[in-house]
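Trainee: I've got the sequence and the model open, but I don't know where to look. Please pick one small part, take me through it closely, and then show me how it fits with the rest.

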Amino acid sequence: MNVVIVTGGSRGIGAATAILLGSKGYAVCVNYLANKDRANKVVDSIVRDGGQAFAHQADVSKEADVVRLFDAAEAHFGGVTHLVNNAGILFTQSKLVDIELERFNQVLNSNVVSCFLCSREAVRRFQAGGAIVNVSSLASKTGSPFEYVDYAASKGAMDTLTKGLSLEVAASGIRVNAVRPGFIYTDMHADGGEPGRVDRLAPQIPMRRGGTAEEVANTIAWLLSDEASYVTGSFIDVAGGR
Ligand code: NAP
């Protein structure tokens, strides 16, 4: 059985990915940080569709929580075979000179340390190969000046983790890839202080529109699947041509 952990599966891209993978027959562990109700709604949607899922609270930037998360998934479904490192945060738009150290550390912990801890746990536990998809961002290439250089830097680190780990584990039958979404309609932009950001920036996108969480989920699901069996250490921009 395919067993997947989706970190940050309660909302946005993670929720769309969990629901899609559930419909494709994966048993899904829907991880969340605080939003139990939203995580339970994702689980309900998967189960209503005939799939298997459960929700599990864990702060994936914390080592003990990550171990508990994998233990819980194993207890529910048996060995984990797939991982989507999706959980991520950003803070209010700001120039780098105004970013406090505490915020910088929090972004790195939530976006990069989480990816390291979950990937390490997955590689330690995968029994017969496996696949990991990291949800990076186009920000790793643009640097997000005047908005969130801290966030962009965290995604740059995630890209490097993707490449390095993919090469370390390629011969063990484990594939590690990443998607780099562009401007996607989710709650995240409200956290950045501008709920309407995607619509404001849409005219600058070659396809002239923002993306949906489902469009990112489709790409993640493909990279996880056997259809991508010869793809590792690769990055797919899901960004409307940016
Ligand atoms: P979102 O709607 O704000 O959802 C964030 C998710 O991450 C929530 O499920 C949240 O859980 C979870 N989370 C945050 N910190 C966590 C932690 N420490 N432990 C466990 N879960 C945690 O975000 P989104 O837009 O879907 O973004 C998902 C991923 O896509 C992120 O990595 C983001 O950087 C990336 N991305 C997004 C965009 C975009 O335009 N939206 C573009 C490029 C990349 P709770 O619900 O419990 O708070």
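Mentor: Let's start at C118, and keep in mind that this is a predicted model. C118 has a relative accessible area of 0%, so it counts as buried. Scroll back a little to C115, which is buried too, with a relative accessible area of 1%.

Two buried cysteines might make you wonder about a bond. How many disulfides does the model have? The count is zero. C115 is in no disulfide, and the nearest cysteine sulfur to its own, that of C118, is 7.8 Å away. Turn it around and you get the matching answer: the closest cysteine sulfur to that of C118 is in C115, and the two are not bonded because 7.8 Å is too far. The cut-off here is 2.5 Å between the sulfur atoms.

Now, which residue touches both cysteines? Try N85, whose contacts include C115 and C118. N85 sits in strand β4, which covers residues 82-85, and with a relative accessible area of 3% it is buried as well. Leaving out residues up to four places away in sequence, N85 also touches T7, S114, S119, I132, V133, N134, V135 and M158. Pick out N134 from that list: its side chain and the side chain of N85 are joined by a polar contact of 2.8 Å.

Zoom out from N85 and you'll find that β4 belongs to an open sheet of seven strands. The order across the sheet is β3-β2-β1-β4-β5-β6-β7, and the pairing is parallel. At the edges stand β3 (52-57) and β7 (235-238); each has a single partner strand, so one side of each has no neighbour in the sheet. On average, neighbouring strands are turned by 15° against each other, ignoring direction.

Have a look at the β7 end. Strand β6, residues 174-181, runs parallel to β7, and four bridges join the two. If you want a spot to zoom in on, P181 stands opposite V238 in β7. Then bring in the helices. Helix α4, residues 101-125, packs on the sheet and touches β4, β5 and β6, with its direction at about 175° to that of β4. Helix α9 packs on the sheet too, touching β1, β4, β5, β6 and β7, and its direction makes about 165° with that of β6.

What about the nonpolar residues? The largest nonpolar core has 33 residues, and L21 and V28 touch the most other members. At least two residues of this core come from each of β1 (3-6), α1 (12-23), β2 (27-32), α2 (36-48), β5 (130-135) and α9 (213-224). The biggest share is from α9, with seven residues. For a feel of the packing, click on L21: not counting residues up to four places away in sequence, it touches V4, V6, Y26, V28, V84, A221 and L224. Apart from this core lies another one, of 25 residues, including C29, V66, F77 and L165.

For contrast, hop over to two loop residues. F146 is in the loop between α5 (139-142) and α6 (149-169), and it is exposed, with a relative accessible area of 62%. R208 is in the loop between α8 (197-201) and α9, and it is exposed at 57%. Their backbones are worth a glance as well. Most residues other than glycine have a negative phi. F146 is not a glycine, yet its phi is positive, about 65°; R208 has a positive phi too, about 60°.

Is a loop residue like D59 buried or exposed? D59 sits in the loop between β3 and α3 (63-77), and at 17% relative accessibility it counts as buried. Beyond its neighbours within four places in sequence, D59 is in contact with L33 and D65.

One last stop is A139, in helix α5. A139 is buried, with a relative accessible area of 7%, and its contacts outside the four-place window are S144, Y151 and A152. From its C-alpha atom to that of N109, 30 residues away along the chain, the separation is 17 Å.

Notes. Residues are numbered from 1 along each chain as its sequence is written. This is a predicted model: local features need pLDDT of at least 70, side-chain atom pairs count only at pLDDT 80 or more; totals for chains, interfaces and linings use all residues. Side-chain values use heavy atoms; hydrogens and water are left out. Buried means under 20% relative accessible area, exposed over 50%, partly exposed in between (1.4 Å probe, protein chains only). A polar contact is a pair of N or O atoms within 3.5 Å; within protein, one must be able to donate a hydrogen and the other to accept it, and residues adjacent in sequence count only if both atoms are side-chain atoms. Contact means heavy atoms within 4.5 Å. A nonpolar core is a set of buried Ala, Val, Leu, Ile, Met, Phe, Trp, Tyr and Cys residues joined through side-chain atoms within 4.5 Å. Two strands pair if DSSP finds at least two bridges between them. Axes are lines fitted to C-alpha atoms, for helices over the stretch in contact, and angles run from 0 to 180 degrees between N-to-C directions.
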